[in-house]
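Please look over the chain below. The report works from the overall fold to single residues.

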Amino acid sequence: MRYFTFYNVLIAFTEKEDSNQRNLDNIKKTVEKLRIKNVLIPNQKHTNIVLKVDDYKNQECDGLYTDKKESAVGVLTADCIPVVLFNDDEIAVIHAGWRGLFGGVIENGFSMFKNKKVKAFIGPSIRGCCYEVDKQFVNDLNIDEKFYKIYDSKAYLDLVKIAKSKLETLKVEEIFDVGQCTKCSGKYFSYRNGDFESRILTLGMIKETKWD
Ligand SMILES: [Zn+2]
């Protein structure tokens with residue numbers, strides 16, 4: 001597991017060695033290691049919906065937002081992009097696969113922030129090196145050429161580049177990208193590598209006081 005602190009904000013993500021985070025016992029171990037109480041993870045379905053923690057009653061959604069202190073929110077991924085939006089008082093953790101990304105899940109999460117001075121964190125996800133799609137796919141979705149490369153008649157799509165371009169359009173102050181590919185790094189679960197059931201967890205939390 002790796003974790004980062006930005007003033008009073010904690011962001012953490014698990015690795016393969018932390019085991020499958022779809023398993024409640026493993027989530028428990030993760031939160032214990034981080035010395036936090038719990039983490040709320042949504043019922044993810046590749047939607048573009050982000051909900052406030054208070055409104056979340058197990059509906060399908062792909063991100064949770066909160067302005068409560070000590071209230072960790074997270075998403076499970078295995079190639080899709082975990083995106084954390086945050087400032088000192090608000091945080092949203094979002095699951096962005098291509099459907100969510102093109103559906104506006106990042107914009108929907110950002111729209112919930114009262115203070116628009118927001119920073120973004122991008123966790124481990126499949127990158128342009130490994131995300132092979134049919135040429136027809138990029139044509140059908142009308143994806144700009146700067147977001148993919150062609151090798152051996154296959155298109156390699158860079159979803160993180162698309163996410164960053166969206167974040168820049170939203171005038172996010174800073175983007176922290178861990179720069180890790182889930183498929184070729186070997187350190188994370190990857191759906192494209194055959195990890196169909198296992199997931200990594202990315203979580204974020206606003207601390208009551210500065211993290212130390
Ligand atoms: Zn890769």
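## Overall fold

Helices and strands here are DSSP runs, counted from the N terminus, with a minimum of four residues for a helix and two for a strand. The model is predicted. On that basis the protein chain has six helices and 14 strands. Its radius of gyration is 16 Å, and the globule rule gives 17 Å for 212 residues, so the chain is as compact as a globular protein of that length.

The C-alpha atoms fill a box of roughly 50 × 35 × 30 Å along the principal axes. Of the 212 residues, 40% count as buried. Contacts reach far along the sequence: among those between residues at least 6 apart, 65% join residues at least 24 apart.

## The five-stranded sheet

One open sheet holds five strands in the order 1-2-14-6-3, with mixed pairing. Its edges are strand 1 (2–6) and strand 3 (39–40), each of which pairs on one side only.

Strand 1 runs antiparallel to strand 2 (residues 9–13), and five bridges link the two. Within this pair, Phe4 stands opposite Ile11 of strand 2.

## Strand 8 and its partners

Which residues of strand 8 are buried? On one side they are Ile91, Val93 and His95; on the other, Ala92, Ile94 and Ala96. Both faces are therefore covered. Six of the six residues of strand 8 (residues 91–96) are buried, so the strand is largely enclosed by the rest of the structure. In a regular strand, side chains alternate between the two faces of the sheet.

Strand 8 has antiparallel links to two strands described here. Strand 5 (residues 63–66) is joined to strand 8 by four bridges, antiparallel. Leu64 stands opposite Val93 in that pairing. Strand 7 (residues 81–86) is joined to strand 8 by six bridges, also antiparallel. There Pro82 stands opposite His95. A hairpin of four residues connects strand 7 to strand 8.

## From strand 7 to strand 13

Strand 7 also pairs with strand 9 (residues 119–122), antiparallel, over four bridges. Val84 faces Phe121 of strand 9 as its opposite residue.

Strand 9 then pairs with strand 13 (residues 174–177) over four bridges, this time in the parallel sense. Lys119 stands opposite Glu174 of strand 13.

## Nonpolar core and helix 5

Which residues touch the most other members of the largest nonpolar core? They are Val83 and Ala163, in a core of 55 residues. In soluble globular proteins, nonpolar side chains tend to be buried together. Setting aside residues up to four places away in sequence, Ala163 touches Ile81, Val83, Ala96, Leu101, Ile106 and Ile122.

Ala163 is one of the buried residues of helix 5 (residues 159–169). The others are Leu159, Val160, Ile162, Lys166 and Leu167. These buried residues cover an arc of only 160° around the axis, which puts them on the same side of helix 5. On the other side, Glu168 and Thr169 are exposed. Just after the helix, Lys171 takes a positive phi of about 60°.

## Two loop residues

Tyr56 lies in the loop between strand 4 (51–52) and strand 5. Is Tyr56 buried, exposed or partly exposed? It has 17 other C-beta atoms within 10 Å. A buried residue needs 20 or more, and an exposed one has 12 or fewer. Tyr56 is therefore partly exposed. Beyond its neighbours within four places in sequence, Tyr56 contacts Leu40, Pro42, Leu51 and Leu64. Tyr56 and Ile206 are 150 residues apart along the chain, and their C-alpha atoms are separated by 18 Å.

Gly186 sits in the loop between helix 6 (182–185) and strand 14 (200–206). Gly186 has 11 C-beta neighbours inside 10 Å, so it counts as exposed. The C-alpha atoms of Gly186 and Glu15 are 9.5 Å apart, although 171 residues separate the two along the chain.

Conventions:
Residues numbered from 1 in each chain as written. Predicted model: local features only at pLDDT ≥ 70, side-chain atom pairs only at ≥ 80, totals over all residues. Pairing = 2+ DSSP bridges. Rg over C-alpha atoms; globule rule 2.2 N^0.38 Å. Contact = placed C-beta atoms within 7 Å. Core = buried A, V, L, I, M, F, W, Y, C linked by C-beta atoms within 7 Å. Arc of directions from axis to C-beta.
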